[in-house]
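Visitor: Could you take a close look at one part of this model with me, the part where the predictor's confidence drops? I would like to know how to read it against the rest.

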Amino acid sequence: MPDKRRASRFAFHKAINFHSRAQLAHDSHPDYPFNMARADCPHCEGSGWKVVERTTAGAQPLAADRPGAGIGEPKMVWAVPCDCTTGDRAERALQRARVPERYRHCDFENYETDNDIENATREQLAAWNRSLAQAKLLVQRFAEEFTPIASARTEHGLLLMGPCGVGKTHLAVSAMKAIVLRGLSGLFYDYRELLKAIQDSYNAESQATEMSVLEPVLKAEILVLDDVGSSKPSPWALETVGHVLNTRYNEKRVTLLTTNFLDSDSASGSAGASASAASIAPPPRVAGMRSPTMEDSLTERVGKRIRSRLYEMCRTVEITAPDYRKEIRHAGRSH
């Protein structure tokens with residue numbers, strides 16, 4: 001099978017060393033994904049291990065801080081992964097990451113890049129499908145190379161930009177799924193839902209506190225913030241989102257963002273990104289697709305300070321294609 005990376009004709013602004021520690025760091029995660037254990041499991045109490053006799057197949061020495069470590073003779077008390085860490089582990093991992101049910105089926109395999117659209121020219125179809133394929137390649141490579149070791153990362157995040165229905169959330173969830181199934185922590189939040197959850201925590205009758213909402217958002221190894229800029233900006237909203245992004249940036253945590261709002265000047269936006277944080281040049285916008293005005297640009301929706309921070313912390317990927325949900329017409333194929 002040919003090496004896709006070697007065969008790729010896409011030119012990125014930042015060179016990627018595929019033999020770096022980031023590429024080799026996949027082996028650094030635990031042998032078993034213990035954070036996938038059921039918190040209410042009566043056998044392991046959420047630890048992912050259950051105590052067995054030393055002769056049990058697959059038994060491993062039991063660390064002193066695991067449940068049952070002080071029972072019996074030290075050399076006889078060993079452990080195996082609990083049954084609750086298998087089975088529907090993937091589903092529980094996505095639930096824990098707050099991935100909506102609608103998107104849990106998403107992966108790179110079912111992201112289509114060879115769409116056929118009515119009343120489109122061959123040149124238009126080629127440009128749109130090339131944009132989809134380029135975005136998929138970049139996000140998939142990002143997921144494959146993701147490592148929890150901050151100093152070994154080649155990327156700090158991605159900003160997926162494009163009109164509705166081009167699969168931005170699909171790609172972001174696909175990357176998160178690939179990462180959390182390696183035993184790492186991830187969290188999905190819709191932009192408006194996050195702001196509402198924080199606002200609700202100010203209600204005296206609420207059981208949640210602002211910190212209980214924010215702490216997982218700030219600490220997750222990978223955060224997907226979907227549909228950025230979807231609500232009209234207010235000083236409070238901009239300050240809150242700015243705090244989340246600045247904290248994650250300063251602590252070198254990875255953030256994936258999606259937005260339907262583009263930069264009003266795509267060329268200058270890409271130039272600004274390449275000067276500081278490695279973006280790829282977006283494909284030319286195809287005839288029939290509207291370029292944003294300053295009034296509905298991403299900068300207008302999130303403010304200049306946040307847009308500037310996103311240039312630093314994310315590689316910008318602009319996807320140019322029609323609304324998949326509205327335009328795709330495949331006879332005999334369900335979507």
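Guide: Happy to; what follows goes from the overall confidence to the low-scoring part and then to the rest of the protein.

This is a predicted model, and its average pLDDT is 75, with 65% of the residues scoring at least 70. The part you ask about includes residues 267-284, where the pLDDT is below 50. Even so, the model gives this stretch 41 contacts beyond near neighbours in sequence. Residues 286-290 also stay under 50 in pLDDT, and for them the model has 10 contacts beyond four places in sequence. How should such contacts be read? Where pLDDT is low, the predicted coordinates should not be read in detail. I would therefore leave the fine geometry of such places aside.

Now for the setting. The protein has 335 residues, and 47% of them count as buried. Its secondary structure amounts to 12 helices and eight strands. Taking contacts between residues at least 6 apart in sequence, 77% join residues at least 24 apart. The accessible surface is about 17,700 Å², and carbon and sulfur atoms account for 51% of that area.

Two cysteines make a useful example of burial. Cys106 counts as buried because its relative accessibility is 2%, under the 20% cut-off. Cys314 is buried as well, with a relative accessible area of 1%. As for disulfides, the structure holds zero.

Key. Residues numbered from 1 in each chain as written. Predicted model: local features only at pLDDT ≥ 70, side-chain atom pairs only at ≥ 80, totals over all residues. Heavy atoms only, no water. Disulfide = S-S within 2.5 Å. Buried < 20%, exposed > 50% of the residue type's maximum accessible area, 1.4 Å probe, protein only. pLDDT = per-residue confidence, 0-100. Contact = heavy atoms within 4.5 Å. Helix = DSSP H or I, 4+ residues; strand = E, 2+ residues; numbered from the N terminus. Areas by Shrake-Rupley, 256 points an atom, 1.4 Å probe, with all protein chains shown as cover.
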